[in-house]
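Colleague: I would like to learn how to read a structure like this one feature by feature, starting with the hollows on its surface. Could you give me the general idea each time, and then the case in front of us?

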Amino acid sequence: MKKKINRQIVIDQLVTAKKNLMGDAAKNIISLYKQLHLVNDSFSKLNSRKWYKIALGIQELYIMEQREALQLIEKYAGHKNELVRTEVQIALVNLLGFNGLHFLDGLSSPISSWQQARLLEELRPMDMCDMPRLNLWLHSHNKDVIMFALKLVEVYYEAEAYEAVLTCLRHPDEGVRRQAVNSIARMAKVSIIAVLIAQYKCESPRNKKNILFHLEGIATDSELTFLLTELKEEKNTARLDVARVIAMAYPNGLQLLAEKANETPLLYGNIYLHIKRELTL
């Protein structure tokens, strides 16, 4: 244990064990980590000039639940290396739960889709708590912060953020608008369908497809006229998506498509057969 390389081997083994244990067994691992003074090795990594050692030290400290390291870890939130920054973010959420998301305030650096998924996975087993900064994040100048905030709304049904989410439908980024639609579709609001239809008329083809996907499960008789109009006016690929909504959302939807196919076989014949085949598979 006097050799640095041997101590690192022990740290690696303890970290691996801690990831796979819970309860008293996990507490015993942490206790051994501290009794062997290996926590000092992890702290010393934070003083390294090498980014990968800093990232490793942060990872060791949060996995071993060393909350006394929080202040020092947070100093690296703006580090020039992306992997260091991502480890800081995971550390804050791991040690503080939803309160650790305060790093989103004023964040200017990107958050990759993979990192957003990691953060959501860290939050998943934790008790839900209020997110008073959610509206702030939804109005951020950083589109990745907005995207992540919208995912929080979608996962945790934050209906209080409804008005702020609506503003995201006007965002210039296509991906942000698509995620805003996903978030709105999970909210129990009477006006949701009207919002989705209004958004549909000014959206990109990819986002139109996403809106139609959500309408499959919530469209009512009031939307049938709109869908039949779009079935006539949309281009071939989008027309197929509209037809799918009609078939899925209405008991007589397939019959309506059959009638359209009989009236105008060149326009609707293949669409009807395609949808019918989908429903029978």
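Modeller: Let us begin with a term: a pocket is an open set of grid points with protein on both sides within 12 Å along at least five of seven lines, and its lining residues are those with an atom within 4 Å of a point. Please keep in mind throughout that this is a predicted model.

Colleague: Which residues line the second largest pocket?

Modeller: The lining of the second largest pocket is made up of K4, R7, Q8, I11, D41, S44, K45, S48, K53 and L56. Two or more of these residues come from each of α1, α3 (38–45) and α4, and α1 is the element that gives the most, with 4 residues. Sorted by class, this lining holds 5 charged, 3 polar and 2 nonpolar residues, and the space inside the pocket is about 200 Å³.

Colleague: What is the volume of the largest pocket, and which residues are closest to its centre?

Modeller: The largest pocket has a volume of about 580 Å³. It is lined by 20 residues, of which K18, K19, E65, N94 and E122 are the closest to the centre. At least two lining residues are supplied by each of α1 (4–19), α2 (23–35), α4 (51–63), α6 and α7 (113–123), and the largest share, 4 residues, comes from α6. Here the classes are 10 nonpolar, 4 polar and 6 charged.

Colleague: How many cavities does a search of the whole structure find?

Modeller: The general idea is that rolling a probe the size of a water molecule over the atoms shows where empty space is left. A cavity is a space where such a probe fits but cannot get out, whereas a pocket is open. In this structure the search finds 1 cavity of 30 Å³ or more, and the space in it is about 40 Å³. Its lining consists of E82, R85, T86, Q89, P110, I111, S112 and Q115, with helix α6 (residues 82–96) giving the largest share, 4 residues. By class, that lining divides into 2 nonpolar, 4 polar and 2 charged residues.

Colleague: What does the secondary structure of the chain come to, and why is the chain described as more spread out than a compact globule?

Modeller: The chain has 17 helices and 0 strands. Its radius of gyration is 25 Å, well over the 19 Å that the globule rule gives for 281 residues, so the chain is more spread out than a compact globule. Along the principal axes, the C-alpha atoms fill a box of roughly 85 × 40 × 30 Å. Even so, 50% of the 281 residues count as buried, and among contacts with a separation of 6 or more, 63% join residues 24 or more positions apart.

Colleague: Could we look at burial in one helix, and ask which residues of α16 are buried?

Modeller: In helix α16 (residues 253–263), the buried residues are G253, L256, L257, A258 and A261. The elements that cover them include α14 (224–233), α15 (236–249) and α17 (265–280).

Colleague: How many disulfides does the structure hold?

Modeller: In general, a disulfide is a covalent bond between the sulfur atoms of two cysteines. This structure holds 0 disulfides. Take C168 as a case: the closest cysteine sulfur, in C202, is 14 Å from its own, which is too far for a bond. C168 is buried, with a relative accessible area of 3%, while C129, at 28% relative accessibility, counts as partly exposed.

Colleague: My last topic is the backbone angle phi: what is the phi of H37, and where is that residue placed?

Modeller: The background is that most residues other than glycine have a negative phi. H37, although not a glycine, has a positive phi of about 60 degrees, and this residue sits in the loop between α2 and α3. With a relative accessible area of 53%, H37 is exposed. E65 also has a positive phi, near 60 degrees, and is a residue other than glycine; its place is in the loop between α4 and α5 (70–74). At a relative accessible area of 36%, E65 is partly exposed, and you have met it already, as one of the residues closest to the centre of the largest pocket.

Technical notes
Residues numbered from 1 in each chain as written. Predicted model: local features only at pLDDT ≥ 70, side-chain atom pairs only at ≥ 80, totals over all residues. Heavy atoms only, no water. Disulfide = S-S within 2.5 Å. Buried < 20%, exposed > 50% of the residue type's maximum accessible area, 1.4 Å probe, protein only. 1 Å grid on protein atoms, 1.4 Å probe; cavity = no way out; pocket = protein on both sides within 12 Å on 5 of 7 lines; lining within 4 Å. Points joined across faces, edges and corners; volume = space filled by probe spheres on them. Nonpolar A, V, L, I, M, F, W, Y, C, P; charged D, E, K, R; others polar. Rg over C-alpha atoms; globule rule 2.2 N^0.38 Å. Contact = heavy atoms within 4.5 Å.
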